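Student: I would like a close look at a single part of this structure, beginning from one residue and working outward through the helices and strands around it. Please give it as one connected account.

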Amino acid sequence: MGMGDAISAQSYTPRQRTDYRKQLGHDLETFDAYLQDADFLARGTIGLELELNLVDENQQPAPVNQQVLEAIDNPDFQTEIGSFNFELNHPVLSVEGAGLKNLENGLDARLLAARAGAKKCGARVASIGTLPTLTKEFLDAPEWITDENRYRALSNMVVQSRGELVHIDLSNRESFSAEFNDVAPEAACTSMQLHLQVAPNRFADAWNASQAIAGVQAALSANSPLFLGRKLWHESRVPVFEQSIDTRTPELVVQGVRPRVWFGERWITSIFDLFEENVRYFPPLLPESREDSGAPIMKGKAPALHYLNLHNGTVWRWNRPIYAPSDSGDGTAHVRVENRLLPAGPTATDMVADAAFYYGMVNYLSEQNRPVWSRMSFNEARANFYEGCRNGMFARVKWPTLGKIDVARLVRNHLLDRARKGLEDLKVDPELIDYYLGIIDQRAATRQNGAVWQLRTLSAMNPSVSKPDTEARRAALARLVDLYIENQESGKPVHTWPVIEPEYRSN
């Protein structure tokens, strides 16, 4: 979810809001001036955050995140809004040389620690876009939310701004429509976030490139085909997240007010464009003053920009700009792209393969003389994104010079060579390029990503035709999660997972 700072209150006065707006404008001016001539760290480092689900012995959500974090006792782990979720942060590293392998090893080590901590609390860890066994009853009960001010404040503010219940409405093979009293469905959405640190003058290219390949990324890596037990989009997490944090009434939607979970609407020329859009279009959700939150004005010689950063944390772009003054106090700051559109899972190997594809593609596309975003409209990039989320490996996307093309063919025949070139330019070890891009190639060849494996496995079970909310479906979903965790713990990439284990076929 990524809210950052602790929040001291659960609601705010008109005076606090008015003051906050002024301070926000002031921060934007400061940022503009600072961008002109500051020293930024320009090392291209990569990082990763991963949200995890906790399940009990019956594969149902286990609301024990605070106990599990105590058991793990490691600052790389933090709470999430859902009491059955927590987050793992991997320290930043350089992508060159063995960087990707180091990332996989670091991820594996932390996943082992997470599993050990969960086990002490009678729970298991599942890294998956949406937990198939999650139910409406669980999300309607007060236990769904982690007991911390910042999460209650966020939920209160979304519902207050909207003034109505949260409505989730989705359909594909099956359909789902229901109302919720708060932002609980947002807790169903667990993601993997990739960070890419770049020099400020390279930021716009990196962000535009990220937006241009968002549809392909979503298609390749979809892992959220089941929301509250229904077969919906291959990456249902995206529309569920968008709808759960929508602060607009239907009238405001019709008027064209921008949503807070946002793909965006134009290519950019500078990181400033995105922060300016944030301030121009989105009223502050959590108008927490700098004093109340205990934030400094400066970090070393770099402005902390409390207001701008807190506000940016409540505009959920699928590729979010981050400005971060260094903790070292040496006056440096850096900017990065936070690529937030991928689901969690399936295995560390799969996630690092996704990262390799992303970093390679962004590096390649950023260096082109006629970049892809000069030949693709922003609306096409957005349409590709939703097509990738809806149909996953079976999506058809539009690409310059190729027209409408099957996404698996686009990846295998065109993009993998470009990703390879991008990784070579980043000085990644050649055998790692072969290994990780080989996984993406095979995933496209078999068309088996996490979402497809889940749907195929559900179909292969007996009874193969189960209806939502029936005993048969619920039993099948519990078995599915059990099998999923077993395969996940094997560490083998998802395209190699068998579709069903023989002992699960009834006689």
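Tutor:

**Strand 3, helix 3 and beyond**

Not counting residues up to four places away in sequence, Asn89 touches Leu48, Glu49, Asp76, Gln78 and Arg110. The model is a predicted one, and what follows describes that model. Asn89 has its place in strand 3. With a relative accessible area of 19%, Asn89 counts as buried, because the cut-off for that class is under 20%. One of its contacts, Gln78, is eleven residues away in sequence, and the C-alpha atoms of Asn89 and Gln78 are 8.1 Å apart.

Next comes the loop that leads into this strand. Ser83 lies in the loop between strand 2 (77–79) and strand 3 (85–94). Is Ser83 buried or exposed? Ser83 is buried, at a relative accessible area of 4%. Leaving aside neighbours within four places in sequence, Ser83 is in contact with Ala62, Pro63, Val64 and Asn65, and also with Phe138, Glu143, Trp144, Ile145 and Thr146.

Helix 2 covers residues 65–72, and Glu70 is found in this helix. Glu70 has 64% relative accessibility and therefore counts as exposed. In sequence Glu70 and Cys121 are 51 residues apart, while their C-alpha atoms are 9.9 Å apart in space.

Now to the packing of helix 2. Helix 2 packs on helix 3 at an angle of about 120°, and their axes are 8 Å apart. That angle makes helix 2 oblique to helix 3. The crossing of the two is right-handed. On the helix 2 side the contact is made by Val68, Ala71 and Ile72, and on the helix 3 side by Ala113, Ala114, Gly117, Ala118 and Lys120. By class, this contact of helix 2 with helix 3 has six nonpolar residues, one polar and one charged. The helix 3 residues in this contact can be read against a general rule. An α-helix has 3.6 residues a turn, so residues three or four places apart point the same way.

Helix 3 (residues 99–120) also meets helix 13, with axes that come within 9 Å and cross at roughly 145°. Helix 3 passes helix 13 in a right-handed crossing. From helix 3, the residues involved are Leu100, Leu103, Glu104, Leu107, Asp108 and Leu111; they meet Ala348, Thr349, Met351, Val352, Ala355 and Ala356 in helix 13. The contact of helix 3 with helix 13 has, by class, nine nonpolar, one polar and two charged residues.

Helix 13 (residues 348–366) has a further contact, with helix 16 (residues 430–446): the two axes come within 8 Å and cross at roughly 100°. Helix 13 is therefore roughly perpendicular to helix 16. Helix 13 contributes Thr349, Asp350, Val352, Ala353, Asp354, Ala356 and Phe357 to this contact, and helix 16 contributes Tyr435, Tyr436, Leu437, Ile439, Ile440 and Arg443. By class, the contact of helix 13 with helix 16 has nine nonpolar, one polar and three charged residues. Thr349, Val352 and Ala356 of helix 13 are among the residues listed both for the contact with helix 3 and for the contact with helix 16.

Two strands come before helix 13 in the numbering. Strand 14 (residues 319–325) and strand 15 (residues 333–343) pair in the antiparallel sense, over seven bridges. Ile322 of strand 14 stands opposite Arg336 in strand 15. Seven of the seven residues of strand 14 are buried, so this strand is largely enclosed by the rest of the structure. Asn319, Pro321, Tyr323 and Pro325 point one way from strand 14, whereas Arg320, Ile322 and Ala324 point the other way, and all are buried.

Strand 6 (residues 175–180) is arranged in another way: Phe176, Ala178 and Phe180 form a covered face, and Ser175, Ser177 and Glu179 an uncovered one. Strand 6 runs antiparallel to strand 5 (residues 166–171), and six bridges join them. The bridge partner of Leu170 is Phe176 of strand 6. Strand 5 and strand 6 form a hairpin, with three residues between them.

Last is helix 17 (residues 450–460), which is mostly covered, with eight of its eleven residues buried. These are Gly450, Ala451, Val452, Trp453, Gln454, Leu455, Thr457 and Leu458. The buried residues of helix 17 pack against strand 8 (226–227), strand 9 (230–231) and helix 18 (471–490).

Methods:
Residues are numbered from 1 along each chain as its sequence is written. This is a predicted model: local features need pLDDT of at least 70, side-chain atom pairs count only at pLDDT 80 or more; totals for chains, interfaces and linings use all residues. Side-chain values use heavy atoms; hydrogens and water are left out. Axes are lines fitted to C-alpha atoms, for helices over the stretch in contact, and angles run from 0 to 180 degrees between N-to-C directions. Helices (H or I, at least four residues) and strands (E, at least two) are DSSP runs, numbered from the N terminus. Angles under 35 degrees count as roughly parallel, over 145 as roughly antiparallel, 65 to 115 as roughly perpendicular and the rest as oblique. Contact means heavy atoms within 4.5 Å. Ala, Val, Leu, Ile, Met, Phe, Trp, Tyr, Cys and Pro count as nonpolar, Asp, Glu, Lys and Arg as charged, and the others, Gly among them, as polar. Buried means under 20% relative accessible area, exposed over 50%, partly exposed in between (1.4 Å probe, protein chains only). Two strands pair if DSSP finds at least two bridges between them. A crossing is left-handed if the near helix is turned anticlockwise from the far one by less than a right angle, and right-handed if clockwise.
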